[in-house]
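Please report on the aromatic contacts, strand pairing and annotated domains of this protein. Include a small table.

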Amino acid sequence: MPESVLLPGHDVPLGRYTTVRRLLPQRPRRMVGAWCFVDHFGPDDVRDRPGMQVPPHPHTGLQTVTWLAEGEILHRDSLGNVQAIVPGQLNLMTAAHGIAHSEQSPPDHPPGMHGLQLWVALPEDARHGEARFEHHAALPVLRDGNVTVTVVVGEVGAARSPARAHTPLLGAEVLFGGAGRHRLPVDPAFETAVLAMSGTAEVAGVALSPGSLLYLGQGRADVPLETTGPARLFVLGGTPFEEPLVMWWNFVGRSHEEIAAARDDWARGARFGVVPGGEERLPAPEMPTVRLKARDRHGRRLG
């Protein structure tokens, strides 16, 4: 079996009111398949706080995946979509050439906030197209005793998510109602990783605690999961993404020039449209003083 790599998250502020644990990218592992960015937030008590308040900001070259265990977030984007999301539902936004959106907890939000924000890198044949947004209120669910598997992206056995993916991909929540074991089937061609959202688990013989991610590599037909109590896990997978990437701020591209052009377009109000609501846009940071270099999926600089 391939060697596993345990990746602890590090805290990053997101907007004024939310701190997230960033699990990807990290130096030891930048991607899992086309999954190129993973933030885990909560569980937080937000009963007397605004919750998530991320103002309008741009994206290119990626898909955003929003998944909640607790709370409610209202998505608004420059295509005119306004969509609330609650636990068990999926918001999937394909930025392609460019889109802007905001994500905010409504004023009457639930008392808890807990979830994931993930990015999927788009391949060359999909990243230049038109932006779009999907909301899926119902997703395939599999049950095995006290274990519930929700297929968020891709497929598990015969259960397939309606979410549109541009490369072979897997995203699945595995919820343990109590102590239990489960073997989740995966494609051996996939890279696979498991993150713990709550509770502790043993994954392929490795102890996994909340807010950490275990990279399992390729070559597995299934992932053995075991818990001694309730736990919420999220499994990521996909075929290795071989195209080199430049990731900076909210953009995924292929060169310094592409990123600089996207940054300039946002700064001057071009390309990304307007998010309804009249909120102040998130300003673009200054470009680095050094040239951005493309990296492969192992984090090696190219060029």
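Trp248, Trp249, Phe251, Trp266 and Phe272 form one aromatic cluster. The model is predicted, so local features need pLDDT of at least 70 and side-chain atom pairs count only at pLDDT 80 or more, while totals for chains, interfaces and linings use all residues. Residues are numbered from 1 along each chain as its sequence is written, and side-chain values use heavy atoms, with hydrogens and water left out.

**Aromatic rings**

Rings of Phe, Tyr and Trp (the six-membered ring of Trp) pair if their centres lie within 6.5 Å; planes under 30 degrees apart count as stacked, over 60 as edge-to-face and the rest as tilted. The count by this rule is seven aromatic pairs. Trp248 and Trp249 make a tilted pair, because their ring centres are 6.3 Å apart and their planes stand at 55 degrees. The rings of Trp266 and Phe272 are edge-to-face, because their planes stand at 75 degrees, with centres 5.8 Å apart.

Burial is judged by relative accessible area: under 20% is buried, over 50% is exposed, and in between is partly exposed (1.4 Å probe, protein chains only). Trp266 and Phe272 are both buried. Trp248 is buried too, with a relative accessibility of 14%. Trp249 is partly exposed, at 24%.

Two arginines place their charge over a ring. The rule asks for NZ of Lys or CZ of Arg within 6 Å of the ring centre and within 35 degrees of the ring normal. Arg281 has its charged end over the ring of Trp266, 3.8 Å from the centre. Arg29 does this with Tyr215, at 4.0 Å from the ring centre.

**Strand β19 and its partners**

Helices (H or I, at least four residues) and strands (E, at least two) are DSSP runs, numbered from the N terminus. Two strands pair if DSSP finds at least two bridges between them. Strands of a sheet pair through backbone hydrogen bonds, either parallel or antiparallel.

Strand β19 covers residues 191-198; seven of its eight residues are buried, so the rest of the structure largely encloses β19. β19 pairs with β24 (residues 231-238) over seven bridges, in the antiparallel sense. With β22 (residues 212-217), β19 shares four bridges, again antiparallel. Leu195 has a bridge partner in each: Phe234 in β24 and Leu213 in β22.

Thr228 lies in the loop between β23 (222-227) and β24. At 74% relative accessibility, Thr228 is exposed. The C-alpha atoms of Thr228 and Glu202 are 8.9 Å apart, although 26 residues separate them along the chain.

**An open sheet and a hairpin**

Four strands build an open, antiparallel sheet in the order β5-β10-β7-β8. β5 (53-59) and β8 (82-85) stand at the edges with a single partner strand each, so one side of each has no neighbour in the sheet. From one strand to the next the twist averages 20 degrees, using axes that are lines fitted to C-alpha atoms and angles that run from 0 to 180 degrees between N-to-C directions. Inside this sheet, β7 (residues 73-77) and β10 (residues 99-104) are joined by four antiparallel bridges. Arg76 has Ser102 as its bridge partner in β10.

His57 lies in edge strand β5. His57 is buried, at 6% relative accessibility. A polar contact is a pair of N or O atoms within 3.5 Å; within protein, one must be able to donate a hydrogen and the other to accept it, and residues adjacent in sequence count only if both atoms are side-chain atoms. The side chains of His57 and His59 make such a contact at 3.3 Å. A polar side-chain atom of His57 also lies 2.8 Å from the backbone oxygen of Pro55.

Strands β13 (residues 141-144) and β14 (residues 147-153) run antiparallel, joined by four bridges. Val141 stands opposite Thr150 in β14. Their hairpin has two residues between the strands, and Gly145 takes a positive phi near 65 degrees.

**Annotated domains**

UniProt lists two domains in an unreviewed entry. Positions follow the numbering used here, feature names are shortened, and annotations may be inferred rather than shown by experiment.

| UniProt domain | Residues | Helix | Strand | End C-alpha separation |
|---|---|---|---|---|
| Pirin N-terminal | 20-120 | 0% | 60% | 18 Å |
| Pirin C-terminal | 179-272 | 13% | 49% | 47 Å |
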